[in-house]
Amino acid sequence: MISQLTVFLENEEGRLASAVRTIADANINMQALFLADTSDFGILRIFCDTPQKACDALTESGFRARLIDVVCVRVDNNLMDYLNDNNINVEYAHCFISGDYAFDVLKVNDASLDVKLAAAGFDVCKPEDVYVTD
């Protein structure tokens, strides 16, 4: 499992910029950012080099932020079939590219999914594969 920073944002002008500025001002490097929104609010999901530090900085600045455990797997065309065949429900998923690889990020209710996927031959990411530091 890896930690994904999740931030609840009111859908108001400048909120996204303020959250990102808070992270940058804390000398934290973001590797990926995803935003899902409705007319009233947005859910911002971030991978960064120091997720706990970013969560603390955002919370101290008045944002509603927390860390969520997710599984990150290098893209494999058989992944969704495996999840379906093993009755693993995906709460949400997104992808990103880093270097030469594409990654699937999965939020599931199975705390041992990373171990199960690795045993099944999938290339499961470790934190150092996702959190790039200088």
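This section describes a nonpolar surface patch, a glutamine in a helix and two asparagines with positive phi in a predicted model.

A nonpolar patch of about 300 Å² is formed on the surface by L16, M30, L33 and L35. Strand 2, which spans residues 30-37, supplies the largest share of this patch, namely three residues. L35 is located in strand 2 and has a relative accessible area of 44%. L35 is therefore classed as partly exposed, since this class lies between the limits of 20% and 50%.

Q52 is situated in helix 2, which comprises residues 51-60. With a relative accessible area of 44%, Q52 is likewise partly exposed. The side chain of Q52 makes a polar contact of 2.9 Å with the side chain of D56. Q52 is also separated from R66 by 14 residues in sequence, and the C-alpha to C-alpha distance between Q52 and R66 is 8.5 Å.

Backbone geometry was examined at two loop positions. Most residues other than glycine have a negative phi. In N27, by contrast, phi is positive, with a value near 60 degrees. N27 belongs to the loop that connects helix 1 (15-25) and strand 2. The relative accessible area of N27 is 62%, so N27 is assigned to the exposed class, for which the value must be over 50%.

A positive phi, near 55 degrees, is also found in N87. N87 lies in the loop between helix 3 (79-85) and strand 5 (90-98). Because its relative accessibility is 73%, N87 is likewise counted as exposed.

Conventions
Residues are numbered from 1 along each chain as its sequence is written. This is a predicted model: local features need pLDDT of at least 70, side-chain atom pairs count only at pLDDT 80 or more; totals for chains, interfaces and linings use all residues. Side-chain values use heavy atoms; hydrogens and water are left out. Patches are made of residues with over 30% relative accessible area and no salt bridge: like charges are joined within 9 Å, nonpolar side chains (Val, Leu, Ile, Met, Phe, Trp, Tyr) within 5 Å. Accessible areas come from the Shrake-Rupley method with a 1.4 Å probe; for residues, only the protein chains shown count as cover. A salt bridge is a side-chain nitrogen of Lys or Arg within 4 Å of a carboxyl oxygen of Asp or Glu. Helices (H or I, at least four residues) and strands (E, at least two) are DSSP runs, numbered from the N terminus. Buried means under 20% relative accessible area, exposed over 50%, partly exposed in between (1.4 Å probe, protein chains only). A polar contact is a pair of N or O atoms within 3.5 Å; within protein, one must be able to donate a hydrogen and the other to accept it, and residues adjacent in sequence count only if both atoms are side-chain atoms.
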